[in-house]
Each structure stands twice: as structure tokens, then as C-alpha cells.
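Reader: I would like a close look at one part of this chain, with its setting described afterwards. Please keep it plain.

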Amino acid sequence: MSAGFAICVVALALASAAQLASSRPTTFAQDFQVAWAETHVRQIDGGRAVQLLLDQNSGCGFASKRKYLFGQVSMRIKLVPGDSAGTVAAFYLNSDTAGVRDELDFEFLGNRSGQPYTVQTNIFAHGKGDREQRVNLWFDPSADFHLYRIRWSHSQIVYYVDDVPVRVFKNNEGKGVGYPNSQPMGVYSTLWEADDWATRGGLEKIDWTKAPFVAHYKDFDIEGCPVPGPARCASNPTNWWEGANYKGLTALEARNYRWVRVNHMTYDYCTDKSRFPVPPPECTAGI
């Protein structure tokens, strides 16, 4: 379940000695391909950036040409401005393995002008999802570019907005909680219509007189283990994202994380007793 749109400066390279993919400036076409609605994907800035468009005819999306197992993906995004109610843009990782898929979602839910943009995150592990959290952004994400990234290691998954962690999912396999650690995932982005649920639970519909809706991504960067690629890369403990400094949040990150949860979180599946009378075990694990 994912959606998105994009303007991308793509970065990706293999450093065989270190057995991981390290970033380098490149063009969109070198590492990505249009997944659907090619007429709605516009390469700009010499192919280093992409705009995705949504109108009454179609949304659109793109996908990486390769999959990755562990690492970090980031991009700078400028979301749909003005009245974007009913639209969803998503940047996500997906194993594309049907019912047993793994997936890590950033979904940006459009709004009526003047209302805060909501970011929904979700995590699927071995086919199990239903782990939605929503945060209202504390700035206007359509006025300028902001940095969004997902860091994925054997220890934890962390979602960041401008270096502020907004979601932490620890590896709690010891408690019987599934964790995505065996399936490589591709990088995807789409922009699409979802006015049956995206804004105020579907109460706010798309105003097609405002179309086309356009979103921009740039400075897209992947650092991870490509699959196919060096066989030992994913299990290499010397990969930077597996280091001691990344097995938990720093003191500053932990303070910022609590600030987000107290002041900007609008929904957490862990506290939704109508869905989960007994909180799932990962909800009591802390950070």
C-alpha cells in the first residue's frame, strides 16, 4: 500500500572492497525507470531530477532498477502545494513478493490549504502490516525541499524528517515480532489519487480544478547492499549502518523523537484499542 511522486538526484555506486553501494551523483535513468504513466513523469535538470504529475487521467510512479538489503535511502522532497486534499505521494521500499512482502512506507497525505500535511508511516514484515503511525509536519513541506530518509539495519528501522526521527521500529524477533531482514527491497515512488481515505478519512475529496498536482524530489541517495551483488555484503558487520552508533538513537535524537510524539503525533496503532485491545508486543519495547 504505497504511493509517491518525485524529483530526484540519484546516487548509487558499488564499492566492492567495502562490499556496499555508496552514493555518487548520477542521472535518473541510470538507476531508475518509470513504473507506470510515462507521460506523467518529467525529467528535469539534465535528468538529475524528476517531477511526478497527477491529473484526472492518471497518477504515476517510478522504481529502482535494483533491490537492496539493509542500508539507508534518502531524498529531498517538495510536496504538492496548495489544495492537495485527496492526493497521496509516497516514497517506500518494497520486496514485491506478494503476500509475504516486506515494505517500509513514507506516505504524504494531502491537505486543504492552510491545514498541516500528515505523514503516515507503515511497516510490513513477512506479509504483516497494520502498523500505521501518523505525524503532522511542523512546517510547510510544499514551500521548500526537506530531507526524508529511512535507515534500515539488523538492529532497527528509523524514519527521519530533516534529521528528526519520527518513527523507530526495533528488531524484536526475540519477542515473536516479525522483522524485515531477509528480503531485498526496491525503491519506489508514486503520486496517486486516494480521496476515499487520505484526507480526514476520505471526507475531503480531490478538487480536480486544481490539477495537475505536481511534486518534486531531488538529492536522492541510496547506500546499501545491492542484490544481486557481493554475497556477504548484507551480513557484513563493518557496514556503517550496523555500527554501534546506529544501534539506537543518540540522546539528542531521543529527545527530538519524544518531542514529535508528544506534540505532532495524531495516530498510533499501538494506542488504538478498537483495533488492538491488547497492544502488539513491539509497542511496549520502547526505543
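In which strand is E103 found?

Author: E103 is found in strand β8. The model is a predicted one, and what follows is computed from it or comes from a record. UniProt, in an unreviewed entry, gives the annotation "active site" to E103 and E107. E103 has a relative accessibility of 0% and therefore counts as buried, the cut-off being under 20%.

Strand β8 spans 103–109, and the loop after it leads to β9 at 118–124. N111 lies in that loop. The UniProt record, again an unreviewed entry, places the feature "glycosylation site" at N111. In the model N111 has a relative accessible area of 6%, so it is buried by the under 20% cut-off. Apart from neighbours within four places in sequence, N111 is in contact with P116 and Y117. Its other contacts are G82, D83, S84, A85 and T199.

The next loop to consider joins β9 to β10 (133–136), and H126 lies there. H126 has a phi near 55°, a positive value in a residue other than glycine. Most residues other than glycine have a negative phi. The relative accessibility of H126 is 38%, so this residue counts as partly exposed. H126 also appears among the contacts of G178, together with A125, R131 and F169, once neighbours within four places in sequence are left aside.

G178 itself lies in the loop between β13 (164–170) and β14 (185–193). With 21% relative accessibility, G178 counts as partly exposed, because the range for buried ends at 20%. The C-alpha atoms of G178 and D268 are separated by 18 Å, and the two residues are 90 apart along the chain.

A second positive phi is found at D163, where the value is near 70°. D163 lies in the loop between β12 (156–161) and β13. Its relative accessibility is 45%, so D163 counts as partly exposed.

Two peptide bonds also deserve mention. A cis bond joins A211 and P212, with omega about 5°. P212 is placed in the loop between β14 and β15, and β15 covers 213–227. The bond from V227 to P228 is cis too, with omega near 5°. P228 is found in the loop that runs between β15 and α2 (251–263). Most peptide bonds are trans.

These parts belong to a chain with two helices and 16 strands. The radius of gyration is 18 Å, close to the 19 Å that the globule rule gives for 287 residues, so the chain is as compact as a globular protein of that length. Along the principal axes, the C-alpha atoms fill a box of roughly 50 × 50 × 35 Å. Of the 287 residues, 57% count as buried. Among contacts between residues at least 6 apart in sequence, 69% join residues at least 24 apart.

The accessible surface comes to about 11,900 Å², and carbon and sulfur atoms account for 51% of that area. As for charge, the chain carries 29 positive and 30 negative side chains, and the centres of the two sets lie 5 Å apart.

Conventions:
Residues are numbered from 1 along each chain as its sequence is written. This is a predicted model: local features need pLDDT of at least 70, side-chain atom pairs count only at pLDDT 80 or more; totals for chains, interfaces and linings use all residues. Side-chain values use heavy atoms; hydrogens and water are left out. UniProt positions are given in the numbering used here, feature names are shortened, and annotations may be inferred rather than shown by experiment. Helices (H or I, at least four residues) and strands (E, at least two) are DSSP runs, numbered from the N terminus. Buried means under 20% relative accessible area, exposed over 50%, partly exposed in between (1.4 Å probe, protein chains only). Contact means heavy atoms within 4.5 Å. The radius of gyration is taken over C-alpha atoms; the globule rule is 2.2 Å times the number of residues to the power 0.38. Accessible areas come from the Shrake-Rupley method with a 1.4 Å probe; for residues, only the protein chains shown count as cover. Lys and Arg count as positive and Asp and Glu as negative; His and the chain ends are not counted. The place of a charge is taken as NZ of Lys, CZ of Arg, CG of Asp or CD of Glu.
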